[in-house]
Amino acid sequence: MTTTPSRRTLSLRARLSHLNFQQAGKLLGRHGRQLVLAGARLELASPEDFYFGGHLVRVRYPHLDRETPPIATLTLKSEAPEHLHWHCTACTGPCEHVGGLLSLVLENKTALGLAAAPPERTPIESLSEQELTKLALQERTERAKGERM
């Protein structure tokens, strides 16, 4: 019998694999959605500026014109909303640096191993009428499995 870990015991990797845009916005509070979108425009100078391992996600923004580059982190913390605790070394509250970190995670779930790649599909334009009919029936059968009568 397989057991599912409780919400309290989920790892950082498991929590991030379930994270969506709305939840990421809620983590940052009232203007969270705007901060995630603003953070998405921040660029990394090199791949070494991003770290994901164990119980930590960290992004460093060295290209911003600051004496000390901002570093945004995300870790597990039992008292935090969704058990995800964020911090920025340059800011005292929610900011675009943490929004950028969340945006990077959301945009790169497959590359980070947080989501499976979608299956390869044949372009519809190249299918014959019989193949299109067969594909439509298969898709409908799959949808019917999840629909309640």
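Biologist: What share of the area that the chain exposes comes from carbon and sulfur atoms?
Modeller: The model is predicted, with local features needing pLDDT of at least 70, side-chain atom pairs counting only at pLDDT 80 or more, and totals for chains, interfaces and linings using all residues. Numbering starts from 1 along each chain as its sequence is written, and side-chain values use heavy atoms, leaving out hydrogens and water. Accessible areas come from the Shrake-Rupley method (1.4 Å probe; for residues, only the protein chains shown count as cover). The chain exposes about 10,600 Å², and the share from carbon and sulfur atoms is 53%.

Biologist: What is the radius of gyration of the chain?
Modeller: This radius is taken over C-alpha atoms, and the globule rule is 2.2 Å times the number of residues to the power 0.38. For a compact globule of 149 residues, that would be near 15 Å. The C-alpha atoms of the chain fill a box of roughly 65 × 40 × 30 Å along the principal axes. The radius of gyration of the chain is 20 Å.

Biologist: Which pattern do the helices and strands follow along the sequence?
Modeller: Helices (H or I, at least four residues) and strands (E, at least two) are DSSP runs, numbered from the N terminus. The chain has five helices and four strands. Read in order, they give α-α-α-β-β-β-β-α-α.

Biologist: Which residue in the turn between E1 and E2 has a positive phi?
Modeller: Strands pair if DSSP finds at least two bridges between them. Four bridges join E1 (residues 50–53) to E2 (residues 56–60), and the two run antiparallel. Tyr 51, for one, has Arg 58 in E2 as its bridge partner. The hairpin leaves two residues between the strands, and the one with a phi of about 55° is Gly 54.

Biologist: Is Ser 103 buried or exposed?
Modeller: Ser 103 lies in helix H4 (residues 96–107). Contact means heavy atoms within 4.5 Å. Leaving aside neighbours within four places in sequence, Ser 103 touches Val 36 and Ala 40. Its relative accessibility is 4%, so Ser 103 counts as buried.

Biologist: Why does Ile 124 count as partly exposed?
Modeller: Ile 124 sits in the loop between H4 and helix H5 (129–146). Its C-alpha atom is 9.4 Å from that of Leu 135, 11 residues apart along the chain. Buried means under 20% relative accessible area, exposed over 50%, and partly exposed in between (1.4 Å probe, protein chains only). Ile 124 counts as partly exposed because its relative accessibility is 49%.
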